[in-house]
Amino acid sequence: MPLEPLPPPSPHGKIQSPPKHTCSTAEPCQIRLSDIGKCYHSFPKGSFKARFIPPSAPRFVVKHLAAHPPSWTWTTKGGPNKDRSFQVPTIPITCDKAAPRAIHWVVAVFHSFKAHLNPVAIDGETGKVKPGWLRLYQNNLYVHLRGQMKETAVPKRAPPPTPKPPSTAPPSGHPKPTPSRENFLEAELSKLCQEIAELKDKFHNYITSHEACCVRRSNSPSESSEEEHPTGVTPRPVRSPPVLLTLLPDGSSKPVANPPTWLVTALAQQDLPITFRDSAFVPSPFTPTTSFPEGMLEVIKLKFDGAPPLFLGTHRDGDLRISTAAPASAVTTSYNLPHDPYVPTLPHRKK
C-alpha cells in the first residue's frame with residue numbers, strides 16, 4: 001500500500017524576525033518616537049567637515065541624568081489610545097536660567113554640533129539644521145549619554161559568604177571530626193586580626209614615604225627638577241583637551257571658542273589627574289589670584305619655561321581656578337612645560 005504524500009507546511013509557522021536595519025549613506029534615517037534611543041544610527045556620507053565624536057560627559061552630568069532621566073510627555077489626539085500620555089526619551093535642546101548646570105552642559109554640547117556640519121545638512125533658506133539630521137543627532141547623543149551612565153554605574157557588592165553550619169548527620173562507621181562553632185569563630189577572629197595588622201603596617205609605610213617625599217620637594221625643588229630634566233624640558237605625551245565652557249550673563253553656557261594656548265597645553269598632558277579630564281567651567285577673563293578658595297579637589301603645578309610657576313586646581317563646583325601660590329601639601333604633581341608668551345601673571349603694584 002503506497003504511503004500518502006506529506007501535507008504542505010502550515011502558513012502559520014515560525015515567525016521570521018525582521019531584517020537588520022542598515023543606515024542609508026545618502027539620507028538620514030527616519031526615527032519614530034517609539035524607536036528613540038533604541039540603537040545608534042550612522043550619519044549620511046559627507047555630513048561632517050571632519051570626524052565628529054560627542055565629548056565625554058562629566059561626573060556631575062552623569063549623576064544628574066541618572067537621577068532625572070530626560071523625557072517629554074506625548075499625548076495622542078485620536079485612535080484607540082486617544083488622550084493617553086506616553087513618556088518618550090529625549091535630550092533637552094533648550095533650557096532657562098533656572099535649569100540645573102548639567103542641563104546647561106547638555107544644551108551647550110548639543111548646539112556645538114552645528115559647527116561641525118557641512119552645508120548639505122543645513123537649510124539654505126533658514127540657516128538651521130535640517131530636521132532629519134537634528135533628530136538623528138538627538139537620538140545618537142541620547143544613546144551616547146546612556147552608555148556612559150552604564151559604564152560609570154557602581155556595581156553592587158556581593159554579600160559576604162556565610163559560614164556553613166556543621167553537619168547534623170548521624171555518625172557513621174568512621175566519623176569525621178567537625179570543628180565546633182567556638183573554634184570556627186576563634187579562627188576567623190585570628191585571621192581578621194592578622195589582616196588588620198598587615199593593613200596597619202602598609203598604612204604606616206605609606207605615611208612615612210609620603211611625608212619624606214613632601215619634605216624633599218619643599219626643601220629642594222630646584223634640585224629635583226634638575227635631576228628629572230637635566231637637559232631642559234622633556235616632552236610629555238599629549239591627548240585631546242577637554243571641553244571648556246563659560247557662563248553667559250543670562251545664565252546659559254557655551255563652549256569657549258579660543259581658549260588660552262597655555263591652558264590647552266596644560267590640559268593636554270596625558271597623565272593628568274582624573275578631575276582634570278572632564279569638561280569644566282572657566283571664568284572670563286581667566287586671570288590668576290594670589291590664593292585658592294576653600295573646596296579645592298586637586299591642585300597641579302605648572303612650570304612654564306621662562307615664567308614663574310602657576311597652580312591650576314579643580315573646585316568641587318566643577319570650575320577651574322588658577323593661582324600664583326598654593327600650599328605644598330595641596331599640590332598633587334607638577335609639570336615642566338615649554339615657553340608660552342601668553343602665560344598670565346599678576347600685575348606689579350606701584351609703590
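A residue counts as exposed when its relative accessible area is over 50%, and as buried when that value is under 20%. Keep those cut-offs in mind as we walk through this structure, which is a predicted model.

**A residue on the outside**

Let us begin with Lys-38, found in the segment before helix α1. Its relative accessible area is 59%, so Lys-38 is exposed. Leaving aside residues up to four places away in sequence, Lys-38 touches Asn-139 and Arg-146. Another residue to look for here is Pro-89: it lies 51 residues from Lys-38 along the chain, and the two C-alpha atoms are separated by 10.0 Å.

**Helices and the largest core**

Now turn to the helices. Two packed helices are described by the angle between their axes and the distance between the axes. Helix α1 covers residues 59-67 and helix α3 covers residues 131-151; their axes come within 10 Å and cross at roughly 95°. That angle makes α1 roughly perpendicular to α3. Where the two helices meet, α1 brings Val-62, Leu-65 and Ala-66, while α3 brings Leu-145, Gln-148 and Met-149. Five residues of this contact are nonpolar, one is polar and none is charged.

Helix α2 has a sheltered place. Nine of its 11 residues are buried, so α2 is largely enclosed by the rest of the structure. The buried residues include His-104, Trp-105 and Phe-110.

In soluble globular proteins, nonpolar side chains tend to be buried together. Here, the largest nonpolar core has 26 residues, and those that touch the most other members are Phe-43, Val-61, Trp-105, Phe-113, Tyr-137 and Leu-145. Helices α1, α2 (101-111) and α3 each supply at least two residues of this core. Another core, of 19 residues, lies apart from it, and among its members are Leu-272, Phe-276, Leu-302 and Val-343.

So two residues are worth finding again: Trp-105 is one of the buried residues of α2, and Leu-145 is one of the α3 residues in the contact with α1.

**The four-stranded sheet**

Further along, four strands form an open sheet in the order β8-β7-β6-β9, with mixed pairing. Strands β8 (320-323) and β9 (331-337) are at the edges, each with a single partner strand, so one side of each has no neighbour in the sheet. On average, neighbouring strands are turned by 25° against each other, direction ignored.

Strand β7 (residues 310-315) joins β8 in the antiparallel sense, and β6 (residues 296-304) also pairs antiparallel with β7. The table sets out the two hairpins that these strands make.

| Hairpin | Residues between the strands | Glycine with positive phi |
|---|---|---|
| β6 and β7 | five residues | Gly-306, near 80° |
| β7 and β8 | four residues | Gly-318, near 95° |

Six bridges link β6 to β7, and one of the pairs is Leu-302 with Leu-310. Four bridges link β7 to β8. Along that border, Thr-314 has Leu-320 as its bridge partner, and Gly-313 stands opposite Arg-321.

Is β7 mostly covered or uncovered? Six of its six residues are buried, which leaves the strand mostly covered. Leu-310, Leu-312 and Thr-314 point one way, while Phe-311, Gly-313 and His-315 point the other way, and all are buried. Leu-302, the partner of Leu-310, is also one of the members of the core of 19 residues.

Conventions. Residues are numbered from 1 along each chain as its sequence is written. This is a predicted model: local features need pLDDT of at least 70, side-chain atom pairs count only at pLDDT 80 or more; totals for chains, interfaces and linings use all residues. Side-chain values use heavy atoms; hydrogens and water are left out. Axes are lines fitted to C-alpha atoms, for helices over the stretch in contact, and angles run from 0 to 180 degrees between N-to-C directions. Angles under 35 degrees count as roughly parallel, over 145 as roughly antiparallel, 65 to 115 as roughly perpendicular and the rest as oblique. Contact means heavy atoms within 4.5 Å. Ala, Val, Leu, Ile, Met, Phe, Trp, Tyr, Cys and Pro count as nonpolar, Asp, Glu, Lys and Arg as charged, and the others, Gly among them, as polar. A nonpolar core is a set of buried Ala, Val, Leu, Ile, Met, Phe, Trp, Tyr and Cys residues joined through side-chain atoms within 4.5 Å. Buried means under 20% relative accessible area, exposed over 50%, partly exposed in between (1.4 Å probe, protein chains only). Two strands pair if DSSP finds at least two bridges between them.
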